[in-house]
Amino acid sequence: MNIQYVTVILPLALPKLYTYSVPESMVSSMQPGIRIEVPLKNKLYSAIVYRMHGAMEVPYKPKPVVSIIDEVPVVTAMQLQFWTWMADYYCCTIGEVMHVALPSGLKLESETKVIYNGDPEELDVLELSDEEYLIAEAISIQQELTIAEIQDILNKKSIFPVLRSLMDKGVVAIKEELIEKFKPKLINYISLCEPYLSDSSLLAGAFDKVAKSEKQTRLLLAYVQLSKNSQLLQPASEVCTLAAVDSVTIKALEKKGIFTVEKKAISRISTQEMHENIQEHKLSDSQLEVLADIEYHFKEQKPVLLHGVTGSGKTHIYTELIQKVLQQSGQTLYMLPEIALTTHMVERLRKALGEEILVYHSRLSNNERVEIWNAVMLGAKVVIGARSSLFLPFNNLNLIIVDEEHDPSYKQNDPNPRYNARDAAIYLANKNKSNIILGSATPSLESYANAKAQKYGLVEITARHGASILPKIHLVDLREEYKDKSFSGIFSKAMLTAIENALSQKEQVLLFQNRRGYAPVIECQLCGWEAECVNCDVRLTKHKYNNELRCHYCGTRSKLPEMCPACGNSELLELGLGTEKIEEELKDIFPTASISRMDYDTARTKSALESIILDFENKKTDILVGTQMITKGLDFDNISLVGVLNADSLLKHPDLRANERAFQLLTQVAGRAGRRQKQGDVIIQTFNPSHPIITETMHSLYDRFFIRESAERKMFRYPPYFRMIQISFLHKNAEVVAGAASEYALLIKKHLGERVLGPAIPSIARLRGQYINTITVKMEKEHQLVSKIKKLLLYTSDTIRNIKTYKYVRINIDVDPY
C-alpha cells in the first residue's frame, strides 16, 4: 500500500481521531503502534499511529507528521483493539483510554516539563550528539525546561526523537509529581586498576602491598575468586560479603591503586539469585482434584471462577498454573485489587517460582513504569499488578489470574474510562485466547450468577488447606454492653479479654474499623453546629495527630476549633470512632504491647506500606488496627484473634451493594484468623446480631446469601440480572445542574420510558464545589438494546452540551456503576 495518511490517537478526550499526511521520507518507517510527533492547536504531541491509509477523502486539509519517535511499536496491535473495545463499551473516547493506559514517560506534549536525571559533572564524558549535549547542558543549568522551551533552544520543531534518545540514555526524565522521588538505583562495582587488570601475572605485587593487613588480603582474594568465573567488574557488596569485611577496606585498596570503584545504575525490576529462594510445595490430593477441574474448564475455553474459603490454598493453585505457563514460555498476568497486596504476594511467589516477577501499579514512578512496559514488550514472564497492569503490552499472554475478583477496587470511578478491570480482563483473555481464572472466598454476585448460568466454569473449595480450620466466630450484642456503665463504647469485655489472652500467648491481633481518623463528627452540644467541609456536603473528620479537621473527599484541611464558631461554646463533642482513636485507646489499655495502624494516613507511600506489613509479618507488631486494607488477602501465620468493632456501619450505606459488600468484608476479615494449625477466633460487635448478613457470615452461608440477595436484585431490576448505566451531572451552580439533568431525562425518557430513574440528588449532593444530580438507566441484558441505549446516551450528552446554558455542565456516563 502506498501510505499517504495516518489516523492517530492523541491522549486527549477528542470526539474523533485525527488524520495527518505522511511526508515521503517517513513512509518506509511508518507502522501502527509507533509514536509520531504531530501538531494540534499550536502544540506538538506524541500520538500513536492507529491506522495507515493510501488515498482517502478527509473533510479538512491534513497537517503533515513532524517526526517519527520510535523505530519499533510501543503499543501492540492487540492493545489497539483492546483500547477500541474499552472506549466503545465504557462510552468514552479512545484518547482517554490512551491517557490512562500509557505511562507518562511515553506521552509527550509541548507543556511537558523535562528535568536533568544525571550527574552534571559527568556531562562531558557522555557520548552525546551536538543537539543532545546542548539540551542536556541547558536542562542541567536551568533544573527544568518545557518541551516548548527546548524547541526554542534548538530553533527547531522536531525535538522528540532527540529527547527520546536522552531519556533512553538516562540523562533526562519527565518531571513528575510523586510521593516518592524516583532516583536511578545505583550500586558500587569494583575492578582492578592497571596494570593488574591487563596482566594478571602482576597480581603478586598487589598481594605484597596488602600483606600486612588480613582484611585487605581477604578482600583481594575474594575479588579474584569471584572474577575468575564471571566478569572483571564485581558488585562491591558481594565481594565484601565473601571476604567478611566492610566498605572501608575497599577504600584502603583504592588508595593503594589496586581497586577502582564506579557506580552503576541497575534496573529496579531485576531479581538477583532468584533461584536460590525456590521452595517446593506439594499439592494435596484435594488441590490436585481442583487443578484438574480448572484445566477441564480451560479446555472448554471458559473463564473459571475459583470459589475457595479463606485459607483454602488458592495461591498454591495459582502457583501451579503459573509454573505450567512458564514451562510453555508464556506470559502470566496476576492481578490484585490493592497495592498493599502486591509486595506481600511477590515474596510468596518468588519463593515458589524462582522467577523474575515484575510489579506494576500506580505508586511506581513514571521511569519505573516505562522500564516495566519495555520489559513486558520484550517478553517478561510474570507480572503482578493492580488494575492498570491490564494495559501492558503482552505479546504471549497465556494466563490471567484475577485474585479477590469481588473487590470494588477493580472498578475505576474517575476519570474515564470508568472500567472494571475484572470484566475487561475477561475480554482481554478472550481476544488473546488466554485462560483466565477469577478467585475469591466471597465471589461477586455477577461472577457467581455467570457460573450458575454455566457461562463460567465453577470450581469450589469448601475446606481450609492442611491442618488449618476455619475460625470460630463469636457475636457480641452491643445493646447488652451499653447497659454496663463501664463500657467505653469501643471494646466489649469479651473483646478485651480475648486481646489479653492472645497477647499472653505471644499471638497477634487484627482489629478492623472501616473509618480512618480520630473522630468522624465534631459537634456543639449547645447549638448543634457541626464541622462541615466548605467544598463538599460532608462532615469533617478530626485527625488528632495533626490536630486538624480533614475532608476525606476533597482533602480540605482546617485547624481544630477551640470553641464553637457559631455560639462560642468551648465544649465540643467528638462523636464516632476512627482507627486513630482506637490505636490511642489500645495503647492506654495495653501499654506494653506493640501497636500499629494501617490505613490511608499511615500507608500513603510504598515504603511505609511495606514497612507496616513487614513488621507484622516478622511479629514486631502485636496488634494491628486497620481499615479495609487489612481484609484483602494478607496471609500471616500468627494471628489468633480478629475483632470487628462495629459491623453495623457496613450495613447502613444507601447502595444496592451494601449487603454484598458487608458480607464480603466481614468474611474476608474473619478469614485472616487462625491460618495455620491452631483455630483462630473472630469477635464481631454489633447492635443487630439477628441481621441476615451477620448470621450468614457467622455460619459461612454463601449459598444462602446468594439466593436471598439474588431474589431482591431480580425483584428491583438490579444487576446481575439487569444491566445498569448511571449518568452524573456536575456543575458549581445547583440550578444549572438540576436543569441539565431534567432536560436530559426528558429526552431519553421519550425512547426508554420506565427504564429511566431520576434525576435524583445523591446522598452526598456536592463534592469538590460541584453540585451533583444523577440519572439511572436499568435495561434488559440484550446486547443490541444495550448498544442502542449507549449511542442514545452519547448523542443526548452532546445535545445537552450544545445548549448554551449547560455548556459547562460535566456529564459522566458510568457503565456498570457498581
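Helices here are DSSP runs of H or I with at least four residues, strands are runs of E with at least two, and both are numbered from the N terminus. This is a predicted model, in which local features need pLDDT of at least 70, side-chain atom pairs count only at pLDDT 80 or more, and totals for chains, interfaces and linings use all residues. Residues are numbered from 1 along each chain as its sequence is written, and side-chain values use heavy atoms, with hydrogens and water left out.

1. **Thr-667.** A good place to start is helix α20 (residues 658-670), which holds Thr-667. Thr-667 counts as buried because its relative accessible area is 18%, and buried means under 20% (exposed is over 50%, partly exposed in between, with a 1.4 Å probe and protein chains only). Setting aside neighbours within four places in sequence, Thr-667 touches Thr-310, Thr-442 and Thr-697, where contact means heavy atoms within 4.5 Å. A polar atom of the Thr-667 side chain also lies 2.7 Å from the backbone oxygen of Phe-663. Ala-206, 461 residues away along the chain, has its C-alpha 67 Å from that of Thr-667.

2. **Helix α14.** The 12 residues of α14 (421-432) reach 16 Å from first C-alpha to last, close to the 16 Å expected at 1.5 Å a residue; the expected span is 1.5 Å times one less than the number of residues. At the N-terminal end, Asn-420 acts as a cap, with a side-chain oxygen 2.9 Å from the backbone nitrogen of Arg-422. After the helix comes Lys-433, whose phi is positive, near 55 degrees. Buried residues of α14 include Arg-422, Ile-426, Tyr-427 and Leu-428. The buried residues pack against α1 (77-89), β13 (331-335), β16 (397-403), β17 (435-440) and α15 (445-452).

3. **Nonpolar cores.** A nonpolar core is a set of buried Ala, Val, Leu, Ile, Met, Phe, Trp, Tyr and Cys residues joined through side-chain atoms within 4.5 Å. The largest one has 117 residues, and Phe-82, Trp-83, Leu-390, Ile-400, Phe-729 and Tyr-744 have the most contacts inside it. Helix α23 (residues 734-752) gives this core its largest share, eight residues. Another core, of 28 residues, lies apart from it and has Leu-306, Leu-321, Ile-437 and Val-459 among its members. Beyond neighbours within four places in sequence, the contacts of Ile-400 include Leu-333, Ala-425, Leu-428 and Ile-437.

4. **Strand β20.** Five of the five residues of β20 (508-512) are buried. On one side these are Gln-508, Leu-510 and Phe-512, and on the other Val-509 and Leu-511. Two strands pair if DSSP finds at least two bridges between them. Five bridges join β20 to β28 (residues 639-644) in parallel, with Gln-508 partnered by Ile-639. Four more parallel bridges link β20 and β27 (residues 623-626), where Phe-512 stands opposite Gly-626.

5. **A three-stranded sheet.** The open sheet β7-β6-β8 is antiparallel, and its edge strands are β7 (144-146) and β8 (172-174). Three bridges join β6 (residues 113-116) to β7, and Lys-113 has Thr-146 as its bridge partner. Helix α4 (residues 147-154) packs on the sheet, touching β6 and β7, at about 85 degrees to the direction of β7; axes are lines fitted to C-alpha atoms, for helices over the stretch in contact, and angles run from 0 to 180 degrees between N-to-C directions.

Notes:
Polar contact = N/O pair within 3.5 Å; in protein donor to acceptor, adjacent residues only side chain to side chain.
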